[in-house]
Amino acid sequence: MQERCYRKEEFEDYIRKIMETYRAVGLAVTIVSPEKTKYRHFFGWRDVEKQLPIDENTLFGLASITKSFTCLAIMQLHEKRKININDPISRYIPEYRGLGQNTARVYHLMSHSAGFFPQKRLCAVDVAREMGLMDRGDLAYSVPLAEEGIRRVAGNLDRQERYIAGPGEFLSYSNDSYGLLSDIVRRYGGESSYAEYVKKNILEPLGMERSGCDFLRPAADENTSLLYRFEDGNRTGDRDFYNNAFVLMGGGSMKSTVADMEKYLRMYLLSGWGEMEQIVQSESIGQMVIPQVNYRYGWKYGFGLAITRLESCRVIGHGGSLPGVSSSFLWSPELQRGVAVLCNTSGVPVSNISMAAMRLMAGLPVEEPFDIKERLWAPFDIEAACGVYSCEEGARAEIVRLGNGLGLKDPGAVFPLKMAAGDELVFLNRMAVQDLKVFRRKDGSVWGLRRGGRVLLKE
């Protein structure tokens, strides 16, 4: 493909605008081709109080980008015929008996479409403290924690009395599903832990020497960014990677650097090849990027990866969010480019930055226009959508009447919603386009709402 250039000054001005709007402390960006790094730049600080800069080896949290590593591991085991992703979940996780969803398969976990409602988050530290494990080494490698974690997570899923739908019908973002997947990797990967399997079978073959699931090593590393977040308007920063970490590692435990993420991006651009060896077959990469279910407005979800289009080009990747972590990576097979954005501050829409890079390389303006094709909803449909929605994981949304349309009521603000086809609702929150989707019964009444990928029940 003919070389497409990005407009450096326009791109960096856009990044600075996002950082100012969302009070981001530090941020790192890289753009790669299959052969080399095309762009690498660092903004702000890894430690703002000490004025310590960011470089290509600074460690950041990846949060849910971890899910793509989990699906790579699952596809490796599928290739080796140690598991089959078409098998029922209960074949590999006996703690999950499938009482309500006995037809759910492993691949449904990979696409968040097993039908589970979001459950209350089980944090690693809470379970480890109950078990007396906090002084017994890094929790990422703890076998007792993994065994207790899978027992609790699988039990909670089995106890659900209501499901979103049958497996494969709808997506509801599920860290519990990825907890089950990470335990399949632990049991069938030939290593003592999920973290050890990923290290030996993905990170080491790709030369990602500073990446891993560890919690204690990055906390002690001099070149690790502090984790910044805002509480009551006040900024705090620490290196507590255990903060809000899920009890099972496959959903969000990875940490990495710009230099290592460049190697990870090239592996996708080269269809599973690292510098020295192929870690997964090209057919497996191809299977991961097949759209399985609708995800967000304009996006579909495959296996650990989300997929959209920029004109004739596919754009594929994932984002992540945890306390002190905002992350995103994208690549395009047609453009033969990849981008990673790592940020040390909560709640920064870095996916805007990664998509801006893709847009520029596709010859498009840096900012996507907020141009939604609206559909006129019937008065009954508008009224039926109003109400409060929530889930056990803690997410909540309130839809209210706003003139002749609808609004999303959040603390201190009501966001006007644009009504689109497919019962989609789209709104602009500062610089980030966000979306909701209403779920209706056959009689038109509303039972649920998807926000941030999670399906919430109407109260």
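In what order do the eight strands close into a barrel? The strands follow the order 14-15-16-17-18-19-20-21, with antiparallel pairing. From one strand to the next, the twist averages 35°. Axes here are lines fitted to C-alpha atoms, for helices over the stretch in contact, and angles run from 0 to 180 degrees between N-to-C directions.

The model is predicted: local features need pLDDT of at least 70, side-chain atom pairs count only at pLDDT 80 or more, and totals for chains, interfaces and linings use all residues. Residues are numbered from 1 along each chain as its sequence is written, and side-chain values use heavy atoms, with hydrogens and water left out.

**First stop: the barrel strands**

Please select strand 14 (residues 387-390) and strand 15 (residues 396-402), which run antiparallel and are joined by four bridges. Strands (E, at least two residues) and helices (H or I, at least four residues) are DSSP runs, numbered from the N terminus. Two strands pair if DSSP finds at least two bridges between them. Within this pair, Gly 387 stands opposite Ile 399 of strand 15. The hairpin of strand 14 and strand 15 has five residues between the strands, and Gly 394 takes a positive phi near 115° there.

Proceed next to strand 16 (residues 405-410). Strand 15 and strand 16 run antiparallel and are joined by five bridges. Leu 402 has Gly 405, in strand 16, as its bridge partner. In the hairpin of strand 15 and strand 16, two residues lie between the strands, and Gly 403 takes a positive phi near 65°.

Now add strand 17 (residues 413-419), which pairs with strand 16 in the antiparallel sense over five bridges. To see one facing pair, select Lys 409 and Val 414: the latter belongs to strand 17 and stands opposite Lys 409.

**Second stop: Ser 445**

Select Ser 445, in the loop between strand 19 (432-440) and strand 20 (446-451). Is Ser 445 buried or exposed? Ser 445 counts as buried because its relative accessibility is 18%; buried means under 20% relative accessible area, exposed over 50%, and partly exposed in between (1.4 Å probe, protein chains only).

Display the side chain of Asp 443 as well, since a polar contact of 2.6 Å joins it to the side chain of Ser 445. A polar contact is a pair of N or O atoms within 3.5 Å; within protein, one must be able to donate a hydrogen and the other to accept it, and residues adjacent in sequence count only if both atoms are side-chain atoms. When residues up to four places away in sequence are not counted, Ser 445 touches Phe 380, Phe 439 and Arg 440. Contact means heavy atoms within 4.5 Å.

**Third stop: Asp 183**

Move to helix 6 (residues 175-188) and select Asp 183. This residue is buried, with a relative accessible area of 1%. Neighbours within four places in sequence aside, Asp 183 is in contact with Ile 93, Ala 146, Ile 150 and Leu 248. Its side chain also makes a polar contact of 2.7 Å with the side chain of Arg 187. For a view across the sequence, select Lys 67: Asp 183 and Lys 67 are 116 residues apart in sequence and 13 Å apart in space, C-alpha to C-alpha.

**Fourth stop: salt bridges in the helices**

How many salt bridges does the count come to? The count comes to 29, a salt bridge being a side-chain nitrogen of Lys or Arg within 4 Å of a carboxyl oxygen of Asp or Glu.

Select Lys 8, Glu 12, Asp 13 and Arg 16, which are linked in a network of salt bridges. Arg 16 forms a salt bridge with Glu 12, their closest N and O atoms being 3.8 Å apart. Both residues lie in helix 1 (residues 8-22), four residues apart, about one turn of the helix. Arg 16 is partly exposed at 40% relative accessible area, whereas Glu 12 is buried at 5%. Asp 13 and Arg 16 also meet in a salt bridge (3.7 Å, N to O). These two are three residues apart in helix 1, so about one helical turn separates them.

Finish at helix 7 (residues 194-206), where Lys 200 and Glu 196 lie four residues apart, about one turn of the helix. Their side chains meet in a salt bridge (3.7 Å, N to O). Lys 200 counts as partly exposed at 39% relative accessibility, while Glu 196 is buried at 16%.
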